[in-house]
Amino acid sequence: MLISKPRPAAPMRADPAAEGDVLLSVRGLSTQFGHGPAALRAANDVSFTLRRGRTLCIVGESGSGKSMTARSILQIVPHPGRIVAGEMLYYPQDAAPVDLARLPPHGKRIRAIRGREIAMVFQEPMTSLSPIHRIGWQIAEGLVAHGMADRRTAMARAIDLLRQVEIPNPAEAAGRFPFEFSGGMRQRAMIAMALACGPRILIADEPTTALDVTTQAEILRLIRKLQEEEGLGVLFITHDMGVVAQIADDVLVMYRGEVVEYAEVQQLFANPQHSYTQRLLEASRKLGMAAPPARPAITPGPPMLRVRDVTLTYPAQRSFFARPKPPTHAVRGVSFDLFEGENLGIVGESGSGKTTLGNCLIRVLQPSAGQVQYTMRDGQVVDVDGMHRKALRPVHREMRMVFQDPFASLNPRMTVEQVVGEPILMHGLLAGAALRQRVRELLASVGLPEDAGPRYPHAFSGGQRQRIVIARALALDPRLIIADEATSALDVTLRGQILDLLLALQPKLGLSFILISHDLGVIRYFCNRVVVMYRGEIVEVGDTDKICDHPTQPYTQALLRAVPEADPARRALLAQP
Amino acid sequence: MSDITAGATLPQTSRYATASEARLMWLRFRRHRLAFAALIVTILIYLVALLVEPLAPFNPDKSNGRYVYHPPQRLHLIDHTANGIRIHPYVFGEHLARDPVTLAAHYVPDPSQHVALGFFVRGDPYRLWNLFPGNIHFFGPVNPRDTVFLLGADRLGRDMLSRIIAGARVSLSIGLVGVGCSLILGIFFGGLSGYLGGRVDWFIQRVIEFILSLPTIPVWLALAAALPKDWSPVATYFTITLIISLVGWTELARVVRGRFLALRSETFVTAAWLDGCGQGRIIFRHMLPSLASHIIASVTLAIPMMILAETSLSFLGLGLQPPAISWGALLSEAQNVTSIATAPWLLLPGVAVAITVLALNFLGDGLRDAADPHAH
């Protein structure tokens, strides 16, 4: 176990009068799933204090118990989880403190606190909003349910709240449905809903994880503004050390259900005590915008991939009832070159067409116009998107793909050995014992243990699965690997590992990479050149250094500004307009 | 380089790590108690269907005018003899008596007369599967000339227990064969529909909707009525099976199509194409194994529908006709109120149908849950 006893002490506060500011004091909270020795402690002996006007960030990787801790506070732990120990003292405005852990989860008293005193914002705003009710009513409903207003005043207050969360034209927006809103707008509506009853504590569970960086920056600024106006205590859950550095006052670091460190943000970043915190910080800084990049030094060879005016247009939707919608341009007029031996990044936000473009390059999707010319190893130039689908096999032997989701890209019914051997078998290169030997070499080269072969994908963690996918991509001695968000589904400590693995393999195997990502830090670490995309079109192409340090296009500048930097001393994110 | 080998530890859950998807499904299935019990019942019922001749105490076609509508006899175990207590199965002998007023016949047990029963006794000769001659019966009266009617006798004095056991073979195999036909049709058309999509999909789905919109029983009746009366029982049997599966395949086709559509967009299928797999290999090596468990579950749930369909048809007199024995044909004996009033045990084949259908349904539910643990 990584935890070092005794429990880390709470950060010291210089101002003793601040004791009156305490909103929530959690001591020794334990939440577990199941019974007996097989029980899983989702949160084990968690303690912290939340004060008025301050932001406490709970940070940790997936499965660290940060969400369960937050849900325990409101007694909304999913079945069969339950709180087994500890106290959670909530200090109401003018009443005696209440121990939330003692309140029955379906009782009247916790319901009076839920939403009214302590409100919560969830990660995925689409699933947290009811799809069949209008936004305005969803916000007003809390007020009516708590008996704080009648319907008419509640609706007026809802419009007021929408104005407060900076939704343009609030009166009209209140009459709309969630699906008519963009992701960022929905999250604003969620925040308006959380604020409706004037809570004193706002719990935000990864509220910006599903959003683009530019939208994330806006939402974070909004939460900060509201916090200053209302004096909220904010409990912010995130996995992103950059976000922590930008918004936190205090930080609670969790690992496998336990608190490994609890400190003020400056102190935590300057002087992390626990080895896990150190690892987490190191991994975040490695992919940060200030770190030295690891990309290979290259002398660009001849262009191996020439992309000219690639366009993919989805035809107009004809509908009997609705007005015909205009055709959608997923990718429009994209041209660039990839030189042999270099790493090219394609960066953009969701909906920018970067994944569609990647799929067009390897002909998983057929572009509606344009050319992708690939120079084969033997010097022959082929038109990837013009040739017959059956003639693509030799191209696919040299051009391979690594997918975003390592869970979905491995066939659950095949062993690792079969998965990695499949391309070799299909191209008739090796069979029998020689094939097994080659697969063993491949697995070793991506750092998987020897006994991985006969296992099924479900026996591996996310990072290990991505290594299997990489081994499959390497199986045919490719020249070019297109990696589509290959690290996005992984925790931050694993991201660096996978990128380093690819970089270590590159000189040995003479590879070129196209790395598609929304994460500028990853691109900057890995790529020599970047293509910046926005709404299906290229905004800017150039050397990574030039783009990251001296962007010329306003969109690139905005994108760079929105990247949360893992340094609390440089809080540029919230200072912006 | 430490980063390169950082993934070199595997979780030590070795039993599950190298377990195939089928094995995982079995482990999940075993936790499902009701389904596991249903599996055992199903296996037993199918064993009965397989070993009809030695298991039935008598030849199911042997009639005896002396035992018309003989009621079920009570089985005794403890025998008080002059030498003390002996434990062995026996029934009381019975003789026919007539009510002096109404002259109605009824059977009176005679406690002084014991008909001893035993296991593996000699009895009516038979040919197992029409191949191996024999006369050993798993259970029956020790003296071959004695009779015993544990579940009563029908209007010709034939033993109901033997007839129900014999009916199991036809009723259960019609389920299997019918589902087999449905499966072939369902996988073929469903797979075509799901994999090709577009116009083919549109056309097949409309045909399926048309078939499903037909009222089933009248259609079966019409088709069954069209069969020539002079066909042999075997020919009728297979035609009935085909008729039933003509409707049954549509549900399976829809399941297969849905799974194909879902699988087609999976990343690992795209990955298989990029690996250089041809269409056949993608379908058979990469997609079908993922479908297999769902297909098994759907098939298990389709068998009881087939059994019920056969029972209904035969009950209505349009499926298998006597002398062929199936549960439906046996139940057709219980069509009029008079015979049920005199001999309610004629409804016992219905109990056999209910037990089988329930067992198969529980089994199918369990298999479906095991195949798709996230469905609920």
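In this predicted model, A:Ala192 touches A:Ile139, A:Leu161, A:Leu162, A:Gln164 and A:Val165, leaving aside residues up to four places away in sequence. A:Ala192 also belongs to the largest nonpolar core, which has 253 residues. Together with A:Ala158 and A:Val251, A:Ala192 ranks among the residues with the most contacts inside that core. The largest share of the core comes from chain B, where helix α5 (residues 160-196) supplies 13 residues.

One contact of A:Ala192, A:Ile139, is a buried residue of helix α4 of chain A. This helix covers residues 135-145. Its buried residues are A:Ile135, A:Gly136, A:Gln138, A:Ile139, A:Ala140, A:Gly142 and A:Leu143. Their cover includes three helices of chain A: α5 (151-164), α6 (170-173) and α7 (183-195). Just after α4(A), A:Gly147 adopts a positive phi of about 65°.

Strand β3 of chain A spans residues 55-59. Five of its five residues are buried, so the strand is largely enclosed by the rest of the structure. In a regular strand, side chains alternate between the two faces of the sheet. Here both faces are covered. A:Thr55, A:Cys57 and A:Val59 are buried on one side. A:Leu56 and A:Ile58 are buried on the other.

β3(A) pairs with two strands of chain A, β8 and β9. Five bridges link β3(A) to β8 (residues 233-238) in the parallel sense. In this pairing, A:Val59 has A:Thr238 as its bridge partner. The pairing of β3(A) with β9(A) is also parallel and has four bridges. There, A:Leu56 is matched with A:Asp250.

A second arrangement in chain A is an open sheet of four strands. Its order is β12-β11-β14-β15, and the pairing is antiparallel. Strands β12 (328-339) and β15 (381-383) form the edges, each pairing on one side only. Neighbouring strands are turned by 15° against each other on average, with direction ignored.

Within this sheet, β11(A), residues 303-314, is joined to β12(A) by eight antiparallel bridges. A:Val310 lies opposite A:Val334 of β12(A). β11(A) is also joined to β14(A), residues 369-375, by five bridges, again antiparallel. A:Arg308 faces A:Gln371 of β14(A) in the pairing. Three bridges then connect β14(A) to β15(A) in the antiparallel sense. A:Thr375 stands opposite A:Val381 of β15(A). The hairpin of β14(A) and β15(A) has five residues between its strands. In this hairpin, A:Gly379 has a positive phi near 95°.

Most residues other than glycine have a negative phi. Two non-glycine residues of chain A, A:Arg256 and A:Glu485, have positive values. Phi is near 50° in A:Arg256. This residue sits in the loop between β9 (250-255) and β10 (258-264) of chain A. A:Arg256 counts as partly exposed because it has 17 C-beta neighbours inside 10 Å. In A:Glu485, phi is about 50°. A:Glu485 is located in the loop between β17 (480-484) and α17 (492-509) of chain A. With 19 other C-beta atoms within 10 Å, A:Glu485 is likewise partly exposed; the cut-off for a buried residue is 20 or more.

Chain B comprises 13 helices and four strands. Its radius of gyration is 27 Å, well over the 21 Å that the globule rule gives for 376 residues, so chain B is more spread out than a compact globule. The C-alpha trace of chain B spans about 100 × 55 × 40 Å along its principal axes. Of the 376 residues in chain B, 36% are buried. Among contacts in chain B with a separation of 6 or more, 68% join residues 24 or more positions apart.

Terms used:
Residues numbered from 1 in each chain as written. Chains lettered and ligands numbered in written order. Predicted model: local features only at pLDDT ≥ 70, side-chain atom pairs only at ≥ 80, totals over all residues. Core = buried A, V, L, I, M, F, W, Y, C linked by C-beta atoms within 7 Å. Buried ≥ 20, exposed ≤ 12 C-beta atoms within 10 Å, placed from the backbone. Contact = placed C-beta atoms within 7 Å. Rg over C-alpha atoms; globule rule 2.2 N^0.38 Å. Pairing = 2+ DSSP bridges. Axes fitted to C-alpha atoms, helices over the stretch in contact; angles between N-to-C directions.
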